[in-house]
Amino acid sequence: MLGRRRLRSGSVLIALLALCLAGTTVSAAPPGQVQGRAAEWTSWQKDLVGSRHNAAERKITERTVADLKLKWAFAFPKVPFLTAHSQPAIVDGIMYFGGPDGLFYALDAKTGATKWTFTLKTVDPELRRAVVRNSPVVAGGKVYFGDLRGYMYAVKASTGALEWATRLDTHAEALITSSPIHFAGKLFVGVSSDESSAAADYPCCTFRGQFASIDAVTGKVLWRHYTVPEPKAVGTWPSGATRFEPSGAAVWASPSVDPVTGTVFIGTGQNYTGTTGDSDTVLALDAFTGKVRWKRQMTHPDTWRLICVDPSAPPGHCPGMENGTALDFDIGSLPNVFTVKGRTLVGIGQKSGIYHVLDARTGEFVWQRQLSKPRPNDLGQSGILWGGSYDGERLYVATNDAKPGALHALDPATGALLWKTPNPANGCGWGGSAQYPDECILANRPAVSTTPGVVYEGSADGKMRAYSARDGRVLWEFDTVRDFHGVNGITGRGSGISAAGGAVVVDGMMYVHSGYHPTYNNDKGYVLLAFGL
């Protein structure tokens, strides 16, 4: 038993009872081997331990995946500057996700027929950024999700009726990209910010990254962990705007939980200003109190914001440029919790290109593997972005624009590279992206998903691919840079495979968003695609 750091007396029984009452499946399997139903993918993480693996899928296999065909498409209206991000959750044949149009949808997973929609502006009449970018979690007959204004919502799964809405952060630039997880009657989610893209005349910066626990029934915030101290004015920028420090360390990653010890794991982003706080850090928090059990900072200092890559910006607005610490090596990747020889470990990717594996109880390093060459001050383009998958035998981790990006299979015990498959070299030479050779890149941006024998990963070249889990061979690929007539009566067009999520595979079907950068001069809305045998 790996729960050396035990829950408080009686808490294990209470937690298990709460999970059962809340409709969450509890497995006797150790972390990283949680079983599930083939027809369910209830959260972005797939399960509490963040495996992104559907162990119960039996229809799509290494032998049958080549027969996948498009069954239906759902198209979104064109919305300027917004792409498609919200990876679906699927329970009892219904799929739930948000669109760039300010709506949250429930569809029939087999046909794409709309069951109901929820309009986010009913909560707040100001529609600015009232858009769901993260993925929902479904538990206890409710669907929980966040938006780009920092609100969390609970709606009835059957009707879409609003149960509650809670704004986690009133900062004008706060937003939720972290996908919530549900454990013991509570939601756990991080809060991020768009403040890092502020212009030179902005009084930068005042946002504090935070991670919150929320009562799933009432929406009440139970505890918060702030990742930096409260920012204070420390002078002015060259523009004359007030300068605040420290700030940033946003939490745009999604959490995982070790249900045995009641520990929630999360990664954090870089500082916007200053160097103080839990930036570029893996945090292990007590799920019931928010107390820090341990933390491990991977890169320090790392003070970066978008102005650092703007050649037209006036000098002096990116302090990290002067001393080489404008890196943007934050941790936006999902933690994978798994067990090796009776020892619970937590693995997590970083935009530096390193996949780290730590002891889940102590935070001590077990192994690290450099999967791509880091490129400082490059928006982390070369590294690991959203998250890997663990199928009980191997870890699967993708790198973004590593010239090219690649999919890797790693030994979970040692980090040894079992196989590596680069993004196919001809990815920009065929299909819709071939018309845009200057825009197309070979980059594996989405989070990785797996089922027994098959690994699913999409690319910025617009191709969705399935790989052999044994040796990394490409078993199937589909070009999404084309027009699709949606079952909802709208014509949409694909682009780069959406990076903020990945494939969802349930009951012989595979679902994925196409609608991310590069956009390939898309003059239409983006699409959600459904494939089946």
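## A walk through strands, disulfides and aromatic pairs

In strand S9, threonine 166 is the bridge partner of methionine 152, and this pairing is a convenient place to enter the structure, which is a predicted model. Strand S8, residues 151-156, and strand S9, residues 162-167, run antiparallel and are joined by five bridges. The hairpin that these two strands make has five residues between the strands, and in that hairpin glycine 160 takes a positive phi near 85°.

From this hairpin the reader can turn to a loop later in the chain, between strand S24 (343-349) and strand S25 (354-359), where glutamine 350 lies. Because its relative accessibility is 1%, glutamine 350 counts as buried, the cut-off for that word being under 20% relative accessible area. When neighbours within four places in sequence are left aside, the residues in contact with glutamine 350 include Asp280, Met298 and Thr299, as well as Phe329, Asp330 and Ile331. His356, Gly383 and Ile384 are also among the contacts of glutamine 350.

The disulfides come next, and the count for them is three. If the bonded cysteines of the chain are numbered in sequence order, their pairing reads 1-2, 3-4, 5-6. One of the disulfides joins cysteine 204 to cysteine 205, with an S to S distance of 1.8 Å, and with -85° about the S-S bond this link is left-handed. Cysteine 204 and cysteine 205 are both buried.

Another disulfide joins cysteine 308 to cysteine 318, S to S 2.0 Å, and this link, with 95° about the S-S bond, is right-handed. Cysteine 308 and cysteine 318 lie ten residues apart, each in the loop between strand S22 (292-297) and helix H2 (319-323). Both of these cysteines, 308 and 318, are buried.

A further disulfide, between cysteine 428 and cysteine 440, has an S to S distance of 2.0 Å; the torsion about its S-S bond is about -80°, so the disulfide is left-handed. Cysteine 428 and cysteine 440 both lie in the loop between strand S30 (417-422) and strand S31 (449-451), so the pair ties together parts that are twelve residues apart in sequence. Here too the cysteines, 428 and 440, are both buried.

The aromatic rings give another view of the chain, since a search of the whole structure finds 28 aromatic pairs. In one of them, the ring centres of tryptophan 72 and tyrosine 511 are 6.2 Å apart and the planes stand at 50°, so the pair is tilted. Tryptophan 72 belongs to strand S1 (residues 69-75) and tyrosine 511 to strand S39 (residues 509-516), so this pair ties together parts that are 439 residues apart in sequence. Tryptophan 72 is buried, with a relative accessible area of 5%, and tyrosine 511 is buried as well, with a relative accessible area of 1%.

Tyrosine 96 and tryptophan 116 also form a tilted aromatic pair, 6.0 Å centre to centre with 45° between the planes. Since tyrosine 96 lies in strand S3 (residues 94-98) and tryptophan 116 in strand S5 (residues 114-119), the pair ties together parts that are 20 residues apart in sequence. Tyrosine 96 is buried at a relative accessible area of 4%, and tryptophan 116 is buried at 8%. Ring pairs link these two residues, Tyr96 and Trp116, into a cluster with Phe104, Phe118, Phe145, Tyr151 and Tyr153.

Charged side chains also meet aromatic rings: the charged end of arginine 208 sits over the ring of tyrosine 226, 4.0 Å from its centre, and lysine 46 lies over the face of tryptophan 41, at 5.9 Å from the ring centre.

Definitions and conventions
Residues are numbered from 1 along each chain as its sequence is written. This is a predicted model: local features need pLDDT of at least 70, side-chain atom pairs count only at pLDDT 80 or more; totals for chains, interfaces and linings use all residues. Side-chain values use heavy atoms; hydrogens and water are left out. Two strands pair if DSSP finds at least two bridges between them. Helices (H or I, at least four residues) and strands (E, at least two) are DSSP runs, numbered from the N terminus. Buried means under 20% relative accessible area, exposed over 50%, partly exposed in between (1.4 Å probe, protein chains only). Contact means heavy atoms within 4.5 Å. A disulfide is a pair of cysteine sulfur atoms within 2.5 Å. Rings of Phe, Tyr and Trp (its six-membered ring) pair if their centres lie within 6.5 Å; planes under 30 degrees apart count as stacked, over 60 as edge-to-face and the rest as tilted. A charge sits over a ring if NZ of Lys or CZ of Arg is within 6 Å of the ring centre and within 35 degrees of the ring normal.
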